[in-house]
Structures are given as C-alpha cells and as structure tokens.
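Colleague: I would like to understand how the terms used for a protein model are justified, step by step. Could we take the terms in turn and set each value against its rule?

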Amino acid sequence: MYFKNRYVVKAAGESGQGVNSIGEILAKAIKNNGLYIFGYREYPSLIKGGYASYQIDIADQEIKSSSKECDLLMCLSRVSFQMYLETVRENGSVIHSIYKLTLSPEEQAYVEKNKIHIIYIPAQDLAIELGGKRIMSNTIMLGAIWQVLGLEIIGLEAKIKEIFAKKPDVIDINLKCLQAGYKYDLSGLTRAVLKISEHKNFKDDLLMTGNHSISLGAIAAGVRVFYAYPMTPSSSILSYLASVYHETGMLVKQIEDEISVANMGVGSMFMGARTLIATSGGGFDLMTEAVSLTGITETPLVCILAQRPGPGTGLPTWTSASDLNIAVYSGHGEYTRCVVAAHDIESCYLVTQHAFNIAEKYQIPVIVLTEKQIAESIFQVDHMPKDIPIERGLLSDEELEKAVSADRFKITESGISPRWLPGSCDATFDANSDEHLSDGSLTEDAIPARQMYEKRIRKEESLLKELPEPEIYGSDNPDISFVGWGSVKNSVIDAMNILADYSDKKIAYMHYEYVYPIRTEKFIKYAKTAKKLVLIENNALGQLGSLISSKTGVLFKNRLLKYDGRPFFIEEIISYIQDKE
Amino acid sequence: MTCKSCSSNKTPTMKDFQSNNLFTWCTNCGNYGIHTALRRALVAKKIPACQTLNCFDIGCNGNGSDKIGGYSFHGLHGRVIPMACGATMANSKMTVIAFGGDGGTLGEGVGHLVHAIRGNYNITFVLHNNLNYGLTKGQASPTTLKNMKMNSSPDGVTSELLHPANFVLSLESTFVARSFSGNVKHMAKTFEQALDHRGFSFVEILQSCPSYNKETPHEWYMDRVFDISNLADYDSSNRQQALAIAQDQEEKIAIGVLFQDKKSVPQIEKQPNRKDIVTDAYEETRHYDISKLLSKFR
Ligand SMILES: Cc1ncc(C[n+]2csc(CCOP(=O)(O)OP(=O)(O)O)c2C)c(N)n1
C-alpha cells in the first residue's frame with residue numbers, strides 16, 4: 001500500500017553494525033529538514049549478529065506509528081537482507097553493501113514480481129579508497145540514502161559535524177564519505193517525493209522515546225529517587241536518568257533485584273521522597289508482593305511497567321500489551337490501586353506526573369503501563385506539555401499540630417485518611433501490614449478489621465470520580481467504532497488520517513488512558529450507538545475487553561488482536577477497515 | 001527532620017518508647033529483653049521517638065511493631081532490609097532500625113542482607129536468632145542445628161546450618177556484633193554502639209525460644225557466652241580475628257562488637273552526584289525545570 005506524503009526508509013543490518021546510529025542521525029537530519037518522522041526499532045536479544053532495523057516513517061504531518069512496508073531498504077548484512085526484503089513495497093528500492101550478494105530463487109521471484117530495484121554500493125572499499133576506515137562505510141550508506149530522499153546535503157553534513165564535534169580529526173573524512181554516498185550513481189532508483197513544510201522551525205522539534213518522556217515527567221514532578229533492575233524495554237529509563245543525574249541531583253540506583261527495588265521504593269516513598277521504580281512484566285511479577293503491601297500500609301508507590309511479550313522470557317525486545325491483567329489483578333488481597341496506560345510523548349510525560357499525585361493523595365500503588373513500542377520508539381513533538389501541579393495530600397503544618405496517632409488510618413467516608421511523614425510529628429504510628437486499628441496497632445477482631453478493610457476499598461470509588469472518562473476520536477456517526485488502549489491509539493489515529501484521503505468509511509476510536517478503576521458511562525453510550533464495535537488490543541485475550549465486559553455486560557464480538565511482538569502497522573488497520581465487513 | 005509538633009527539646013524517656021498495647025509473646029521469650037534493651041539504648045542515645053523508625057519483618061519479633069513508641073513499619077516477611085534501606089536513603093536524619101528473624105533474614109531474604117552489607121546502608125539491623133521459625137510454630141530455619149528434629153523435619157534437619165556472624169564477617173561488613181537476649185545490659189550497650197556506627201550495623205541476638213528451641217535454652221547460652229570486651233588483646237578492627245572468634249558457637253560464645261571498620265562511609269554519602277546537596281530526598285519534592293535537558297533531543 002502506498003500513502004500520499006508518507007515515505008518509509010529502513011536501515012537494516014546485524015546487531016552491532018551501527019544500524020541504530022544510522023537511524024538516529026537520519027531521523028534528526030530529516031526532522032531538521034522540515035519533515036515529521038516516527039522511528040521504529042527492531043532488534044534481537046543479543047549483542048552481535050542476528051538482524052536489526054531502524055525504520056523511519058516520514059510525513060508532512062505529525063505521525064506516531066509505523067508502516068509495514070518500506071520504500072527504501074538499506075542493508076548492511078545478508079541476514080537482514082533476507083529478513084527485510086519482503087517489507088519493500090512494489091517499485092521500492094534496495095541499496096546494500098553486501099559483497100557478492102546472490103539472490104535465492106524466492107528472493108529473485110519477489111524482486112521481479114514487485115519490480116524492486118537493487119543497487120550494490122561497495123561502501124567499505126570506497127571508504128578505504130577515500131582514506132577512511134571500514135566503519136565509515138556507514139557514512140557512505142547514509143549519503144546514499146540522502147540522495148534517494150532528494151534532500152539538500154547541507155542538512156546531513158551539519159548533523160555529522162555535530163556528532164563528531166568531540167572528534168574533530170574524523171569530521172573531514174566522514175564528510176568525504178558522505179559526499180561519496182550522496183554522489184554515488186544510483187540511476188534507475190525511484191526517488192522520494194517529500195513534501196517539506198516550511199511554516200515552522202523544525203530544528204526546535206524534539207525527538208525522543210517514551211522512556212525519555214517518562215524520565216522527564218518524573219524529573220519535573222519532583223521524583224528524587226529512582227530504583228531499578230535492568231529489564232528491556234524499561235532499562236533506558238535507568239540509563240537516561242543516570243546519564244543526567246549530575247544535572248538533576250536525583251538519587252539513581254541500580255538495585256540487586258526487583259524485590260528489593262519495590263521494597264526500597266516503599267521505604268523511600270514512606271519517608272516522603274517521590275520515588276519511581278520501573279520494570280517489565282517478569283520484574284513486576286517479583287514486585288507484586290510489595291504492591292500488595294502498599295495496599296494495606298497505605299503507602300504511595302508508582303511503578304512503570306513497560307510491556308513486552310511473555311510468558312516467561314517471551315520476546316524480550318519486542319512489543320506487547322499483555323500485562324494489563326497483572327497490573328490490575330496482581331498482588332494478594334483486595335485493595336485500591338490505579339492503572340494508567342501511556343501511549344505517546346505527551347501522555348508519558350503527564351501520566352507519570354499525575355501518577356504521583358494519585359499515589360500520594362489516595363495512598364495507593366499506581367502502575368503506569370507502557371509498551372516497547374512506546375518506550376523505545378522515536379516520536380517527534382514540538383514542545384513538552386505543561387506540568388501538572390504537584391499534589392501530595394499531606395497535612396498542613398497547622399493540621400499537624402493537632403494530629404494524633406489514631407488519625408493516620410482514621411475511618412473516613414472517602415476512604416482517605418490524613419497522612420503525614422515519619423519524623424514530621426510526634427503523633428507516631430505503625431504502618432502495619434497486619435490488619436490494624438486507626439493508629440496501626442494490630443487487631444484480629446472482626447468489626448474493626450472489616451471497617452479498615454472497607455475504608456481502603458472505598459478509596460476506589462473516590463478515585464474513580466476523579467479519573468477522566470476515555471476519549472473518543474473521529475466520526476460522530478461511525479461505520480466502525482474501535483475501543484483500545486496504549487500504542488494502538490497511535491496506529492488507529494494515523495490510519496484514520498490516511499483513510500480520510502482514500503475512503504468514505506467513517507471511523508471512531510475510543511481510547512482508555514485511565515484503565516483502572518475503569519469508567520464505563522461514556523463507553524456504554526458509545527457501544528449502544530455503534531454500528532460495528534471493534535476491540536483492538538496488542539494481546540491475544542482482549543484484556544481490556546474482558547475488563548469492560550465484566551463491568552458493563554457488553555461483549556465484543558469483533559476483535560482485532562495482535563500478539564506476535566510487532567505493533568499494529570497502519571496497513572493492517574486500513575485493510576481491516578476496508579476489507580473486513 | 002524537625003518534628004513540627006514536638007513541644008520542646010525535652011530529653012527522651014523510656015516512656016516515650018512505650019505503647020499501651022499488650023505483649024503477645026510467650027512467657028520468657030527473648031523478645032522482651034531485646035525490646036527493653038532497645039528502648040534503653042534509644043533513650044541513652046537521646047534519640048526522640050518521633051525521629052526513630054523501627055522496621056519489622058514478619059515473625060515473632062514483628063508482632064512487637066505496635067508495642068513500642070516511635071514510628072514503625074511492619075512490612076513483608078524477609079523484606080525488612082530493603083524497606084529500611086529505602087527509608088534511610090530518603091531520610092538520612094532519622095534513626096532507622098530494622099528487625100528480622102533468622103527465617104526471614106537468612107531464608108526468605110538472604111540476598112537482601114548480602115546487598116545491604118555491600119551497600120553499607122546506614123541502618124542498624126537486629127537479627128533475632130532463635131534457631132527456628134517461631135511464628136509459624138517451630139519449623140527449621142537456616143540456623144537450626146543439623147539433625148535437630150523440627151515439625152517440618154521429624155527425623156532431623158538434613159542441611160548444614162548457616163553461622164550468621166561468620167557469614168556476615170565474610171562479606172565486606174563494617175559492623176558486626178553479637179549479644180544475648182538474657183543480658184539486657186549487654187544488649188543495650190551493643191545497640192548503642194550499633195547506633196553510633198555509620199553504615200550497616202549488624203547485631204545478632206542469640207535469642208532463647210522457650211516454645212520451640214528446647215535444645216539451647218536460656219541456661220545453655222548463659223553457660224557459654226562471654227563478653228569480648230573482657231579480652232585484653234582483642235582487636236575489633238581485625239576481621240580475621242573476628243572470624244576466628246565468631247566461629248565457636250558450641251563451647252565459648254563471644255558476645256560484643258566482634259568487628260568494626262571505623263572508617264566506614266554509609267551508602268548515602270557515596271553518591272557522586274549529591275556531594276554538594278545538603279538536603280535529603282524527602283525534602284526535595286517540588287517542580288524541576290526540564291528545559292535545559294531538552295537540547296539533547298533536538
Ligand atoms: C512470603 C511469606 N512466606 C511465609 C510467610 C509465613 N511466615 C510468617 S513468619 C515466618 C517465619 C518466622 O520465622 P523467623 O523469621 O525466624 O522469625 P521468628 O518468628 O522466629 O521470630 C513465616 C514462614 C509469610 N508471612 N510470608
């Protein structure tokens with residue numbers, strides 16, 4: 001499928017060949033030239049070998065999702081050529097540096113059928129002839145891509161100079177290599193036709209991943225402690241926060257395991273420091289006992305749960321949205337919690353900030369779900385959103401003077417009891433994981449135990465009133481009414497924008513950002529008037545669908561579910577809308 | 001932290017660390033003595049109750065969480081150490097003490113002990129070593145003597161036992177002490193020394209358990225313990241000497257500070273990016289401007 005004003009370039013090679021650097025340089029240079037990009041990375045769970053790719057979708061308006069097919073494939077290795085050849089669309093092009101590449105009969109057939117142009121560039125030889133090193137062949141390939149994109153070379157040269165600013169002796173040779181690629185004879189290849197916008201200063205646009213945005217949101221919200229144990233796709237929160245900790249002064253610590261991460265998080269939050277913890281599904285499994293602990297001790301906790309496919313180790317470096325159930329149902333016992341699902345830069349930034357307000361005000365655990373597709377993909381935005389005011393739900397100084405120990409877990413209508421920090425008041429208390437009275441003293445008596453239990457559960461009702469309803473996008477009178485959460489929003493909205501030019505099908509999409517406790521008033525109306533209600537999720541069981549059905553009785557007969565580690569590509573949504581009735 | 005409601009700088013008393021809740025430990029349980037000694041040590045060190053956080057594991061010791069004044073956190077079985085480490089990292093001004101049994105500490109949560117020692121977090125950790133799982137009614141723990149018949153091992157424990165003090169001394173610990181639940185005075189003095197230490201203070205209490213440890217009761221310990229400070233030539237800065245003396249747990253059991261590294265630097269002071277920051281993390285909650293960080297993304 002070809003879409004007007006969308007062009008897709010994919011750089012592919014072995015892990016360790018520099019595919020990621022090529023992608024990053026390209027993405028920034030393309031953006032600076034007046035275009036919108038979305039960067040999507042695929043890579044294996046190993047350090048060298050296998051196949052990896054960095055795909056850049058280019059458009060003349062904001063985009064947040066990837067195409068399945070590309071217009072230009074640049075390949076550095078045989079394995080990646082084999083892996084990605086069939087993602088090249090009809091009349092597409094391949095440039096590669098694979099010495100003596102011969103095609104298998106299947107590959108040959110695909111190339112002929114789809115009229116794909118393939119050009120070999122002896123990039124390593126060229127780099128050495130020019131007096132450079134083998135690795136500079138990557139710069140030659142960059143230049144060649146730039147030629148196909150038909151963009152002015154100055155834009156890319158500027159980026160190269162910036163990148164090698166600290167190694168001035170290699171700038172000249174890299175610029176020579178860039179020129180060599182840019183001038184290389186690629187006659188016969190279809191050139192990109194890009195619609196460059198000149199109405200604003202694209203240089204100021206930001207390119208960042210969801211994990212960057214979560215980190216920045218945390219910094220802005222006054223998070224002063226971060227604990228984590230590395231696990232893809234959450235790890236880059238740890239590495240980013242560590243990389244800026246001299247600037248921020250944040251305490252950033254890698255801890256020995258997720259059990260400790262969660263319990264240290266509980267300890268630091270209990271004392272009053274805004275503390276973030278982050279992990280993926282397997283690590284979150286280890287944290288769930290601590291999540292339950294926060295339920296009864298009424299300690300705020302915020303955990304980022306960056307999803308990848310499971311069970312077990314699953315597909316460590318691929319995407320998924322299959323951990324909604326553990327976010328909602330994990331941890332023994334019954335207590336109030338909040339589950340929020342981010343989907344793009346703005347959402348990651350704001351949801352992280354809001355999560356702390358909710359956690360502190362309601363004294364509950366808040367789990368922020370993301371997916372590899374959000375955590376590690378590269379989004380373009382022109383600015384960061386406005387910060388949410390910090391709300392801590394702590395007693396004021398005057399209130400503190402009157403506080404008594406039995407206030408701390410006092411039975412209230414809202415379920416929310418007064419909270420103050422250890423050390424701030426001589427009304428001391430016991431934050432007790434055994435059932436307790438209002439000062440934390442242990443009790444096993446039926447009546448007070450039940451009252452305390454109900455008090456904690458009442459918080460859910462209070463919280464629900466504060467949480468926003470899901471948003472609806474698109475047509476008021478849709479032929480198809482989607483319901484989803486997480487990164488699917490990005491793909492559906494992009495698909496809707498594209499479809500507007502090609503089809504008169506009317507589409508609506510309802511997006512759940514605040515997933516639990518779940519608001520359903522708006523959904524019930526939406527479902528009632530829907531001609532065709534479709535659940536769309538990046539998992540196999542339709543976990544949000546089950547949650548909605550359990551609360552509303554509405555069943556989803558139509559489901560578009562994907563669980564192969566890949567995000568929804570726009571073509572898939574468009575074919576679904578156009579073909580399937 | 002300054003307590004906003006403290007009426008004056010009055011000297012703390014035993015009463016400040018009292019609670020009206022009734023004790024639920026067995027008659028003659030070693031926990032009574034430990035509890036009293038702790039209160040004495042806190043008073044002797046003039047630590048106000050509102051500046052004390054006692055963190056309890058789940059076990060018989062943990063049932064004391066609401067029987068003492070000051071702030072308490074009664075968390076999960078085996079997880080008290082990371083919880084307490086997190087607390088002191090956020091607020092280094094408060095005195096953080098953690099208590100755990102031999103089951104929770106050396107079974108369920110033994111990894112946490114190792115890493116808290118590596119990190120040298122500034123807490124006092126008290127190991128209630130009663131050689132069994134008390135609260136679950138007398139199963140074997142990692143410190144139960146081999147061949148001992150317990151309710152989970154009617155023909156005797158088949159694994160080797162773990163010597164807590166030796167284990168901890170074999171790591172880069174900075175403070176290792178031992179005391180005995182039958183000697184309140186010695187425990188109180190040992191706790192004071194532990195509270196003075198800057199870093200992870202490990203205090204093993206040889207604790208009698210009248211209900212489930214008939215093999216080594218109070219009297220058994222009484223006959224064997226001796227105060228290390230009575231040894232003229234004992235050098236507590238010598239780890240090898242400490243390891244040698246800690247080894248004997250059968251004939252003559254040394255109590256007191258077995259080892260201390262006086263140059264110990266706690267974890268919170270080792271943060272390379274916080275050298276010039278005088279506040280603690282808990283005091284730093286406010287909006288931070290991220291605009292300076294954005295140039296990297298352009
Ligand atoms: C995760 C978990 N597993 C098991 C238990 C049950 N449990 C409670 S206390 C305890 C053992 C207590 O032994 P120890 O830690 O030596 O403390 P003591 O009671 O002897 O002081 C166990 C197994 C629990 N609370 N949590």
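Modeller: What follows is a conversation about the contacts, sheets and unusual backbone places of this predicted model.

Colleague: What makes chain A and chain B count as being in contact, and how many residues take part?

Modeller: Contact here means heavy atoms within 4.5 Å, and by that rule 77 residues of chain A are in contact with 56 residues of chain B. The area buried between chain A and chain B is about 5300 Å², and carbon and sulfur atoms give 62% of that area. On the side of chain A, the residues that lose the most area to chain B are A:Arg224, A:Leu251 and A:Met271, which together make up 12% of what that side buries.

Colleague: Why is the pair of B:Glu284 and A:Arg224 called a salt bridge?

Modeller: The rule asks for a side-chain nitrogen of Lys or Arg within 4 Å of a carboxyl oxygen of Asp or Glu. The side chains of B:Glu284 and A:Arg224 meet at 2.8 Å, N to O, so the pair fulfils the rule. Between chain A and chain B the count is two salt bridges, while the structure holds 37 over all chains. As background, side chains of opposite charge can pair when their charged atoms come close.

Colleague: Which other polar pairs are counted across this interface, and which element of chain A gives the most residues to it?

Modeller: Across the interface of chain A and chain B the rule finds 30 residue pairs in polar contact, with both residues at pLDDT 80 or more. Helix 11 of chain A, residues 258–271, gives the most to the side that touches chain B, with nine residues. By class, that side of chain A has 37 nonpolar, 20 polar and 20 charged residues.

Colleague: How do you know that strand 15 of chain A and strand 2 of chain B are paired?

Modeller: Two strands pair if DSSP finds at least two bridges between them, and three bridges join strand 15 of chain A (residues 430–432) to strand 2 of chain B (residues 71–74), so these strands, which run parallel, count as a pair. One place to look is A:Asp430, whose bridge partner in strand 2 of chain B is B:Ser72.

Colleague: What is the strand order of the sheet that holds this pair, and which strands are at its edges?

Modeller: Nine strands form an open sheet with mixed pairing, in the order 15(A)-2(B)-1(B)-3(B)-4(B)-6(B)-5(B)-8(B)-7(B). Its edge strands are strand 15 of chain A and strand 7 of chain B (225–227), each of which pairs on one side only. The twist averages 20° from one strand to the next. Within this sheet, six bridges join strand 4 (residues 124–129) and strand 6 (residues 201–206) of chain B, which run parallel, and B:Asn129 stands opposite B:Leu206 there.

Colleague: Why are strand 16 and strand 21 of chain A called edge strands?

Modeller: They belong to an open sheet of five strands in chain A, in the order 16-18-17-20-21, with mixed pairing. Strand 16 (471–474) and strand 21 (558–561) each have a single partner strand, so one side of each is left without a neighbour in the sheet. Neighbouring strands of this sheet are turned by 25° against each other on average, direction ignored. Strand 20 (residues 533–537) of chain A pairs with strand 21 of chain A in the parallel sense over four bridges, and A:Glu537 has A:Leu561 as its bridge partner in strand 21. Helix 19 of chain A (residues 521–529) packs on the sheet, and its direction makes about 160° with that of strand 18 of chain A.

Colleague: What makes the bonds before A:Pro311 and A:Pro517 worth pointing out?

Modeller: Most residues other than glycine have a negative phi, and most peptide bonds are trans. The bond joining A:Gly310 and A:Pro311 is cis, with omega about -10°, and the bond from A:Tyr516 to A:Pro517 is also cis, with omega near -5°. A:Pro311 is in the loop between strand 11 (301–307) and helix 13 (324–329) of chain A, whereas A:Pro517 lies in the loop between strand 19 (514–516) and helix 19 of chain A.

Colleague: Where is B:Lys46, and what is its phi?

Modeller: B:Lys46 has phi near 60°, a positive value in a residue other than glycine, and its place is in the loop between helix 1 (30–44) and strand 1 (52–56) of chain B.

Key. Residues numbered from 1 in each chain as written. Chains lettered and ligands numbered in written order. Predicted model: local features only at pLDDT ≥ 70, side-chain atom pairs only at ≥ 80, totals over all residues. Heavy atoms only, no water. Buried area = accessible area lost by both parts, 1.4 Å probe. Polar contact = N/O pair within 3.5 Å; in protein donor to acceptor, adjacent residues only side chain to side chain. Helix = DSSP H or I, 4+ residues; strand = E, 2+ residues; numbered from the N terminus. Nonpolar A, V, L, I, M, F, W, Y, C, P; charged D, E, K, R; others polar. Axes fitted to C-alpha atoms, helices over the stretch in contact; angles between N-to-C directions.
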